[in-house]
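Please walk through this structure with me, one piece at a time. We will take the strands before the helices.

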Amino acid sequence: MSNQRLQLRIRTPEDVIAAVPYLLGFHPSDSIVLVAYGGPHGTCALRQDLPPRGGDPEGERLAAVLTDNGFEQAVLLGYGPPGRVAAAAGRIRSALEGAGVEVAEAMRVGDGRWWSLNCTNPCCPPEGRRYDIAATEIAAEATLAGQVALPDRSDLVRSIASLGLPMREATTRAEQRWFDWAREGLSPARIRSRAAREGTALLDDLPVRIRGDGPPPTEEEIAWLGVLLTETRVRDEAWVRIDPDDPGPHLEFWRYVVRRVEEPYLTAPAVLLAYAAYSAGDGALANIALDRAAPDYPLAWLLREIMAAGIPPSAIHPALTAGEPSSHDEGLREEEPRAS
């Protein structure tokens with residue numbers, strides 16, 4: 001589910017077609033897309049793969065997401081072969097209307113043309129109606145606002161793929177540093193407290209440097225942050241720093257980390273990137289980021305369920321402020337050794 005923060009003025013079917021790539025972040029193919037409006041959360045876009053002929057388009061689930069979030073109207077777009085689009089669109093439309101969501105328009109889109117699925121008589125020419133996204137005001141407004149629509153979903157996947165940097169030596173040194181704490185005889189509580197302190201310092205420093213205020217993070221710092229994020233308190237401190245009203249800076253930071261950290265330490269940064277992307281209204285990127293996380297990681301599973309239900313990011317942001325101890329971390333501040 002993608003929430004549209006950019007206010008696009010949509011007046012015609014061509015405007016809807018032009019808006020979809022900017023709502024999703026990429027140009028869809030073999031997809032069903034719903035652009036919903038008339039609710040308390042602005043405009044949103046839902047996308048799912050176009051099911052095979054006879055496959056389940058999950059119309060009831062899509063209808064539940066829209067009704068649970070108060071959307072009253074939607075435009076349905078199908079990208080793909082005519083038969084498969086018509087079959088899936090018909091079942092989804094029935095589910096939406098059965099749930100009280102008005103389908104203002106349904107259309108098939110492909111090869112630079114669109115066909116209305118609302119026609120009871122042949123109102124559209126057999127060859128369809130031409131459209132040109134680049135020539136629309138929607139594209140101009142989105143581009144001016146810095147919105148980017150990648151050619152397809154695979155390009156979005158590549159935008160957070162590993163850069164393949166030689167991080168193994170830096171990661172080994174970070175792991176050694178962690179194990180040295182245990183060899184020093186520190187208790188698990190003091191190790192967690194020290195990790196929280198060092199992790200918080202990095203979380204305060206590195207995102208600022210990504211934005212150009214100082215040198216870029218070193219391999220050593222990224223590797224050490226990856227190791228520290230295995231401690232729940234550090235991950236939670238990172239989570240509460242992501243402002244649902246202004247997630248952009250942290251989205252770029254966690255994209256930076258995800259592309260560099262070694263695979264064993266990827267899951268927590270990937271989930272943080274997913275939450276930042278979801279807060280920014282980029283549901284497609286959020287799902288792709290979650291695909292890079294371990295499927296049995298509890299927070300990854302929970303965030304995927306939240307996104308599937310269409311719960312707004314502001315409703316799930318923890319009632320904590322950065323720097324305050326989480327409830328599970330009370331009493332873990334590292335004590336100074338007492339003089340004997």
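Start at a turn. Strands β5 and β6 form a hairpin, with two residues between them. One residue in that turn, D111, has a positive phi of about 55°. Keep in mind that this is a predicted model.

Now follow the two arms of the hairpin. β5 covers residues 102–110 and β6 covers residues 113–116. The strands run antiparallel, and four bridges join them. To fix the register, take R108: its bridge partner in β6 is W115.

β6 has a further partner. It pairs with strand β7, residues 129–130, in the antiparallel sense. Two bridges make up this pairing. Here W114 is the residue to find, since it stands opposite R129 in β7. Thus β6 is joined to β5 by four bridges and to β7 by two.

Move back along the chain to strand β2, residues 31–39. How many bridges join β2 to β3? There are seven, and the two strands run antiparallel. β3 spans residues 42–49. Within this pair, L34 stands opposite L46 in β3.

β2 also pairs with strand β4, residues 73–79. Again the strands run antiparallel, and seven bridges join them. V33 marks the register here, standing opposite L77 in β4. One general point helps when viewing these strands. In a regular strand, side chains alternate between the two faces of the sheet.

Next, the helices. Two packed helices are described by the angle between their axes and the distance between the axes. Helix α11 covers residues 267–279, and helix α12 covers residues 283–291. Their axes lie 8 Å apart, at an angle of about 170°. An angle over 145 degrees counts as roughly antiparallel, and α11 and α12 are therefore roughly antiparallel to each other.

Which residues make the contact? α11 supplies A270, V271, L273, A274, A277 and Y278. From α12 come L285, A286, A289 and L290. The residues of this contact divide into 10 nonpolar, no polar and no charged.

Finish with T267, which has its place in helix α11. Is T267 buried or exposed? Its relative accessibility is 15%. Buried means under 20%, so T267 counts as buried. The side chain of T267 reaches the backbone nitrogen of A294 at 2.9 Å. Leaving aside residues up to four places away in sequence, T267 touches A293, A294 and Y297. A294 therefore appears in both descriptions of T267: as a touching residue and as the owner of the backbone nitrogen reached by the side chain.

Definitions and conventions:
Residues are numbered from 1 along each chain as its sequence is written. This is a predicted model: local features need pLDDT of at least 70, side-chain atom pairs count only at pLDDT 80 or more; totals for chains, interfaces and linings use all residues. Side-chain values use heavy atoms; hydrogens and water are left out. Axes are lines fitted to C-alpha atoms, for helices over the stretch in contact, and angles run from 0 to 180 degrees between N-to-C directions. Angles under 35 degrees count as roughly parallel, over 145 as roughly antiparallel, 65 to 115 as roughly perpendicular and the rest as oblique. Contact means heavy atoms within 4.5 Å. Ala, Val, Leu, Ile, Met, Phe, Trp, Tyr, Cys and Pro count as nonpolar, Asp, Glu, Lys and Arg as charged, and the others, Gly among them, as polar. Buried means under 20% relative accessible area, exposed over 50%, partly exposed in between (1.4 Å probe, protein chains only). A polar contact is a pair of N or O atoms within 3.5 Å; within protein, one must be able to donate a hydrogen and the other to accept it, and residues adjacent in sequence count only if both atoms are side-chain atoms. Two strands pair if DSSP finds at least two bridges between them.
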